[in-house]
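Here's a quick tour of this one, starting where the two chains meet and then working back through the fold. Have the viewer open as you read.

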Amino acid sequence: MRQMGAKAQERDTPAGDLRLANLTKRFGIFTAVDDLSLTIPQGSFFALLGASGCGKTTTLRMIAGLEEPTSGQVLLGDRDIARLRPYKRPVNTVFQSYALFPHLDIHENVAFGLRRRGIRKVTEQVDRMLALVQLEGYGRRRPAQLSGGQQQRVALARALINHPQVLLLDEPLGALDLKLRRQMQIELKRIQTEVGITFVHVTHDQEEAMTMADTVAVMNAGRIEQLGAPADLYEYPATAFVANFLGQSNLLAGEAAGSAGTDVPVTAHGVRFSVPADRARTDRGPVYLGVRPEKLHLVDSVAQVPSGHQHVEGVVTDASYVGVSTQYLIRTGWGSEISAFVANTGAGRQLPVGAPVVAHWDARHAFLLPREAGADSDRTTPLLDEQPPVGALS
Amino acid sequence: MRLSRWLADRWVMIVALLVLGYLSLPILVVAGLSFNRPSSRLSYDFHEFTLDNWRNPCATSDMCDAVVRSVQIGFIATAVSTVLGTLMAFALIRHRFRGRSGINVLIFLPMATPELVMGTSLLALFVAAGVPQGFWTIVIAHVMFCVSFVVVTVKARLAGMDSRLEEAAMDLYANEWQTFRRITLPLVLPGIVAAALLAFSLSFDDFIITNFNAGTTVTFPMYVWGAAQRGIPPQVNVIGTAMFAIALLLVGASSLRGRRARRAALAAPVAAVGAPKSAS
């Protein structure tokens with residue numbers, strides 16, 4: 001019971017990185033987490049990002065000890081904690097539903113972990129913790145008397161007070177409204193920098209993951225699709241799944257036939273494009289040529305396309321004014337639609353539906369991804385119907 | 001016009017008050033009769049106000065023996081059925097095992113079976129097994145039908161409990177026993193207490209099943225039944241009123257405690273609520 005150390009000093013000594021080694025969890029015939037291996041450096045803010053059912057929460061529960069892995073290891077430093085009971089791990093969790101104890105007041109909720117470890121004098125620590133999450137004076141209240149945001153902060157305080165070596169956050173902001181969520185994101189990041197504990201954050205909100213985390217791992221079907229800094233993932237995704245899950249992408253289905261010098265030529269729908277070789281995940285066979293919608297610039301004619309830029313001609317089929325930008329859908333010559341965001345700088349004019357346009361991009365902003373043979377159509381997020389009603393304004 | 005508006009706003013409450021009056025009228029009659037000095041043994045008219053019945057509730061020693069016996073049986077049957085029923089409820093909610101759904105159905109059987117049938121079949125069982133009827137056969141019979149009510153009551157409470165609370169407790173260094181002691185039990189306790197009260201009142205007033213399995217032992221309901229033939233002593237009303245008052249006090253005290261705790265919690269941090277500090 002005491003091996004994680006009752007004394008603060010002992011607990012504060014760095015435990016080292018959190019490593020998952022060949023971690024697998026099966027429920028019956030369903031594989032929730034499939035041979036997962038990754039290293040989360042000590043003190044980092046790590047986000048596991050994925051759609052619901054991708055195995056991210058199961059991964060988190062295995063780190064917490066609430067789920068026993070079918071096989072594999074959970075290493076904290078050099079110690080395998082995969083088979084330890086949850087109360088024997090120096091790991092604490094902020095639950096999605098907060099899971100505050102309804103029959104205890106806020107003070108006792110926060111003090112719960114300290115008391116279970118046999119610490120008697122808790123008042124000072126609890127007060128300091130409540131101050132950290134800006135809930136001074138709320139100690140006597142019951143959880144039901146607090147708002148969602150306040151409950152969320154109590155859940156955070158209740159976990160942090162134990163100085164865990166790893167703090168797990170299971171979609172902790174999902175129940176909050178947008179404004180509060182933004183505020184809590186900044187708050188969480190601030191607290192993480194302050195206390196220097198490893199945070200592992202599970203979320204399906206890509207914006208949240210990118211805002212807060214140093215490193216993001218995109219999960220899909222129990223595996224990690226790509227892992228890296230948010231900017232790297234966004235600017236140069238490794239797979240079509242990542243390109244579409246993290247932000248939006250226009251993916252044009254094409255064929256590549258090996259690199260020619262520093263560029264990879266691609267033929268898509270009979271048009272020739274090229275992508276720098278260092279932006280190509282593959283240089284041969286079926287590929288997707290990807291460009292982010294905000295990297296597309298719209299001009300009236302081909303003559304206006306700057307040199308070094310690639311272009312596609314089309315017709316505006318939809319224009320959505322969203323304040324900060326205008327989002328256009330453009331039907332290309334071969335029938336599929338691509339999406340372009342034009343920042344509302346006040347310089348350009350609004351393009352009407354039906355206007356012919358040329359969309360161009362800097363070749364260095366494109367990326368080349370492997371495509372499964374058979375997936376022949378272009379992919380644009382948000383995924384569009386094969387034939388959206390022309391001219392329909394949203 | 002205004003009257004109909006007034007009625008439209010309040011008719012639900014008026015109906016509720018009428019129903020409440022209907023429910024409490026018999027109890028008020030019993031309470032009133034406990035202060036009565038009847039003119040004759042078989043008279044139920046209010047004849048004359050007196051405190052004699054309350055000063056001397058044990059008019060006949062048989063009656064007080066019967067009350068004490070009923071309370072004893074009630075306590076034992078309640079204790080046994082509450083423990084067994086709570087354990088069963090935990091097993092049925094928390095564990096998946098073969099025959100679980102079958103047991104869920106069987107639990108309702110004692111509630112659905114006519115008491116007469118249950119009483120006679122129990123008697124047949126005791127006779128066949130050669131068990132002499134008396135105090136302990138009554139206890140066994142009472143435990144049998146009380147268990148069902150306990151299981152159903154505790155199960156309802158347990159099903160409404162978020163199992164993530166227990167996971168959170170384990171995550172916060174509480175081992176299995178501490179989790180049960182600090183989280184599960186306090187949260188399920190209101191259900192267990194309600195079940196125990198229900199079991200006690202069922203046991204205390206059961207007549208039919210008890211009558212079959214009592215042998216020569218006389219419980220309070222059996223005493224009242226017997227006494228009714230020759231005129232009920234007014235002290236029976238005293239016992240009835242006292243039982244009712246105790247129950248009322250228990251319920252009142254618990255709701256008062258809950259309300260006071262809530263108010264104290266709300267009153268405390270008024271100063272802090274007004275202006276939460278900015279995030280920076």
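In this predicted model, 28 residues of chain A are in contact with 25 residues of chain B. That contact comes up before anything else below, followed by the domains and then a sheet with its helix.

**Where the chains meet**
- On the chain A side that touches chain B, at least two residues apiece come from β6 (91–94), α3 (106–116) and α6 (178–195).
- By character, the chain A residues on that side split into 10 nonpolar, 9 polar and 9 charged.

**Domains of chain A**
- Chain A breaks down into domain 1, covering 8–228, and domain 2, covering 248–380.
- Between the C-alpha centres of domain 1 and domain 2 of chain A you'll find 40 Å.

**An open sheet in chain A**
- Follow the order β2-β1-β4-β5 in chain A and you've walked across an open sheet of 4 strands, with antiparallel pairing.
- The edges belong to β2 (30–40) and β5 (79–80) of chain A; each has a single partner strand, so one side of each has no neighbour in the sheet.
- β1 (residues 18–27) of chain A pairs with β2(A) over 7 bridges, in the antiparallel sense.
- For a spot to click on, try A:Arg19, which sits opposite A:Thr39 in β2(A).

**The helix on that sheet**
- Helix α2 (residues 56–64) of chain A packs on the sheet, where it touches β1, β2 and β4 (71–76) of chain A.
- The direction of helix α2 of chain A makes about 65° with that of β2(A).

Technical notes:
Residues are numbered from 1 along each chain as its sequence is written. Chains are lettered from A and ligands numbered from 1 in the order in which they are written. This is a predicted model: local features need pLDDT of at least 70, side-chain atom pairs count only at pLDDT 80 or more; totals for chains, interfaces and linings use all residues. Domain bounds come from an automatic or database domain assignment. Two residues are in contact if their C-beta atoms, placed from the backbone, lie within 7 Å. Ala, Val, Leu, Ile, Met, Phe, Trp, Tyr, Cys and Pro count as nonpolar, Asp, Glu, Lys and Arg as charged, and the others, Gly among them, as polar. Two strands pair if DSSP finds at least two bridges between them. Axes are lines fitted to C-alpha atoms, for helices over the stretch in contact, and angles run from 0 to 180 degrees between N-to-C directions.
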